[in-house]
2 protein chains.
Amino acid sequence: MKEVNEKPHRRATSAKQEQIPRQETISLRQKYVGPSCKLFFTSDPLKIVRAKGQYMYNEKSEEYLDCINNVAHVGHCHEHVVTAGNNQNAILNTNNRFLHDNLVLLAERLTSTFPQELNTVFLVNSGSEANDLALRIARAHTGSREVICQDHAYHGHVTSLIEISPYKFNLPGGGGCPEHTHVALVPDVYRGKYRDKDHQGEDLGQKYAENVKDIIEKMQSEGKKPSCFIAESLQSCGGQIIPPPNYLREVYKHVRNAGGICIADEVQVGFGRVGTHWWAFQLQGEDVVPDIVTLGKPMGNGFPVSAVVTTADVADSFKKTGVAYFNTFGGNPVSCVIASAVMDVIEDEKLMDRAKEVGFYLKSGLQQLMEKHPIIGDVRGEGLFVGIDLVKSRETREPHTKAAEHALSRFREEKILMQRDGPFENILKMKPPLQFSKENADRVVSVLDLILEEICALDSY
Amino acid sequence: MKEVNEKPHRRATSAKQEQIPRQETISLRQKYVGPSCKLFFTSDPLKIVRAKGQYMYNEKSEEYLDCINNVAHVGHCHEHVVTAGNNQNAILNTNNRFLHDNLVLLAERLTSTFPQELNTVFLVNSGSEANDLALRIARAHTGSREVICQDHAYHGHVTSLIEISPYKFNLPGGGGCPEHTHVALVPDVYRGKYRDKDHQGEDLGQKYAENVKDIIEKMQSEGKKPSCFIAESLQSCGGQIIPPPNYLREVYKHVRNAGGICIADEVQVGFGRVGTHWWAFQLQGEDVVPDIVTLGKPMGNGFPVSAVVTTADVADSFKKTGVAYFNTFGGNPVSCVIASAVMDVIEDEKLMDRAKEVGFYLKSGLQQLMEKHPIIGDVRGEGLFVGIDLVKSRETREPHTKAAEHALSRFREEKILMQRDGPFENILKMKPPLQFSKENADRVVSVLDLILEEICALDSY
């Protein structure tokens, strides 16, 4: 064997939290890591070396309040989850072609949180793998390739999902909208086509659903039918969108009437984050039941594990293609025991009640700030999924992108990790670990108050 | 919150190796797990509850010699790997938008095993994610969608990869070959179009590469150009194929002349399995350098971690699309320290030397069996990647599928886990953990001897 390269041959170790100085980390990253992979705070990125609960720590042991990592769902490095995974790591980690109890017990348990029809589980590694599999299944079930998605949606990084993610394909180098993709209006009652203030007393859910119906009719006039409608139950990248009542009920009706099926993407918002329910689609009513639900990010509290949950009937169509589905790491005993441990913590620590209570408290605090700060156009959310919409004018609802950008870096100075998103990047986006407390909420509200006062005092804003 | 389902609410735990009786595991699997997910030994599946090194154990503590799990590359539950992951699990597991030393040290270290040009790393969760990203990058770099793959190839389970996997799309319900996919001959000198015995003294590598050239010329005559050529460096699902010398060198030349780039899929065969080199493409010569290499299965010894390695130039084209690449779990500190620990073990335990030595010993033992058993048509392999091709006649090389099927279940009775593959499923396929020993090889050889004697004595064969 010839050593082909003369580069240093350093090892990574978990024995030390910091192994090389920060500046070297930055330069190695520039040298060896794909430049399409972006850092938070590009010009002065954070080096995080440990985390616990809702707090992250940099190499100087400075503590940051984490408002953004929904993956660390039950809190960073939760002992119960870590222990479950670590014990299993020492015993067995292999593929799902062997029988294992962790896999079947997790599948059983997951289905227990869904309406009865949703009783069949596929275990995969990531939200992208889950959404791609959901598409494959929908296409097999319906014999159609056509997909209806929402504007600004993002469903994952693999080819088939970039194709149904306007958030990506509408970028200048994003390749544009493929022929088989049909983009519906995002049901945003604050800044979308149909706004609450212009349509008081109207059923905006129905109105936005009519748009899906129109798309289907156009498709049909071209001799096509939809394979599926896919939407995040609460759209995240589009700016923390809460669809109006009746939206999914009406959309699902139109899609099914045309022979398509309905996919709820719960990769960002599932597992009790909304507080009142395990799954955000349930906010739309007990009778609203998707044909496929995809799960991801929070499922393993950081471990790569995700799932597709569907009906026996739809799963059977996929089986009938005769093409077996094998996912090397999907459903391994480690990922399954970790996902089950995450569900333990959600139940044992009553994190859904907590998400509901703290989420309500946080929203109330933010809404009170609205009295003082006209720059806050809207505060919306469910449980610990909250958006703060910054505007130049409450009348026009013109997005205040610059203020959001400024707020973000000021939050960071105040040791609070915040994100922004939406088509105009003017929406401050909160989706903290569910251990987030009322004290944490108070801190966010008072720091935001301070930041908005500063912004208000600046001539340039 | 309403409990939507009345199912039992059992937890999974790693505290017990077996939590429910085997029959219940089977019935829960039938009830709740997607029926497209197949078990080994469908009619009487194995329940594996623990594993160590090259051995797996069922619920009765019966030991099986593992010849098939290339994912458990350095041995099941290797203490060094488990410890590295477990320590990191307790400290931090978050996404790559924060700086972390484990990520950059792994990227640096990975590139040190490649030719100098291959200096840019993307970290992802699975071989499927890696191959999909490789396609996205190749398409961005070349502005073309056309892909040349090999017959019988399998590159992963997501939509874009099923489209370039004849192993899947040629199944009755597999959807057929898409327009942008161009299938080249598999460079199989034993059963392919050009066979060693019919073309003695000829350069079969060049001959098989001519086929790729023909495909490119046809493509060009239709006004198209290839985005990429993708092939496993040693084709696995096609039946443990070792391409003849000069094959990749010639193919790469043709593809590059036409403006395409070259992807080596090392998901199955990488990380030193071939013994003489870290990567199987290196078997074709020092001057043979792909533009993109994809890594997967063995990389995390069971943990979902994979990678794309490419040149700065190709990575730059992808960056220039302006579409950022974010993979939620990809490159997290846990996966990176685990991958680094796997590389530690490969080096510290000299597993490449071992793969070379034991692989040679195993192949010699199997080749000796050929003197006695005409049913063995061919024994081929590199290191601990070995195929045993069972035939009805050495003259015609007609595959003996039934014998392979029988051998597999007899191996199982003898407590040896073996697989079969290839278009005719007549090739016994070995890719054991690299801790596989000469004693293990002796056992496989003597059990195979016994099984083939039995088969020989059966009238029906």
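Helices (H or I, at least four residues) and strands (E, at least two) are DSSP runs that are numbered from the N terminus, and two strands are said to pair if DSSP finds at least two bridges between them. The model on your screen is predicted, and local features are given only at pLDDT of at least 70 and side-chain atom pairs only at pLDDT 80 or more, while totals for chains, interfaces and linings use all residues. Residues are numbered from 1 along each chain as its sequence is written, and chains are lettered from A and ligands numbered from 1 in the order in which they are written.

**Stop 1: two hairpins in chain B**

Select strand E1, residues 48-52 of chain B, together with strand E2, residues 55-58, and you will have two antiparallel strands joined by four bridges. Within this pair, Arg50(B) has Tyr57(B) of E2(B) as its bridge partner. The two strands form a hairpin with two residues between them, and in the turn Gly53(B) has a positive phi of about 60°.

Now add strand E3, residues 63-66 of chain B, which runs antiparallel to E2(B) and is joined to E2(B) by three bridges. Tyr57(B) appears again here, with Glu63(B) in E3(B) as its bridge partner. E2(B) and E3(B) form a hairpin with four residues between them, where Ser61(B) in the turn has a positive phi of about 65°.

**Stop 2: the sheet around the hairpins**

Keep these strands selected and add E13(B), and you will see an open sheet of four strands in the order E1-E2-E3-E13, with mixed pairing. Its edge strands are E1 and E13 (416-417) of chain B, each of which pairs on one side only. E3(B) and E13(B) run parallel and are joined by two bridges, with Asp66(B) opposite Leu417(B) of E13(B).

**Stop 3: the seven-stranded sheet**

Move on to the open sheet of seven strands in chain B, which has the order E4-E10-E9-E8-E7-E5-E6 and mixed pairing. Strand E4 (118-124) and strand E6 (181-184) of chain B stand at the edges with a single partner strand each, so one side of each has no neighbour in the sheet. On average, and with direction ignored, neighbouring strands of this sheet are turned by 20° against each other; such angles run from 0 to 180 degrees between N-to-C directions, with axes taken as lines fitted to C-alpha atoms, for helices over the stretch in contact.

Within the sheet, select E7 (residues 226-232) and E8 (residues 261-265) of chain B, which pair in the parallel sense over five bridges. Cys228(B) stands opposite Ile261(B) in E8(B). Then show helix H9, residues 312-320 of chain B, which packs on the sheet and touches E4, E8, E9 (292-295) and E10 (306-311) of chain B, its direction making about 105° with that of E10(B). Contact between two residues is taken to mean that their C-beta atoms, placed from the backbone, lie within 7 Å.

**Stop 4: two helices of chain A**

In chain A, select helix H11 (residues 351-372) and helix H13 (residues 438-457), which pack at an angle of about 20° with their axes 9 Å apart. They are therefore roughly parallel to each other, where angles under 35 degrees count as roughly parallel, over 145 as roughly antiparallel, 65 to 115 as roughly perpendicular and the rest as oblique.

**Stop 5: the two chains together**

Show both chains, and note that a rotation of 180° with 0.0 Å of shift along its axis superposes chain B on chain A, with an RMSD of 0.0 Å, by least squares on the C-alpha atoms of residues with pLDDT of at least 70 in both. That is the relation of a two-fold axis. Among the residues of chain B, Asn86(B) comes closest to the rotation axis, at 2.7 Å (C-alpha).

In the interface, 118 residues of chain B are in contact with 118 residues of chain A. Helix H3 (residues 101-111) of chain B gives the largest share of the side of chain B that touches chain A, with 10 residues. The copies meet through the same surface, because 100% of the interface residues of chain B are also interface residues in chain A.

Finally, select helix H3 (residues 101-111) of chain A and helix H1 (residues 22-32) of chain B, which pack at an angle of about 45° with their axes 9 Å apart. That makes H3(A) oblique to H1(B). Here Asp101(A), Val104(A), Ala107(A), Glu108(A) and Thr111(A) of H3(A) meet Thr25(B), Leu28(B), Arg29(B) and Tyr32(B) of H1(B).
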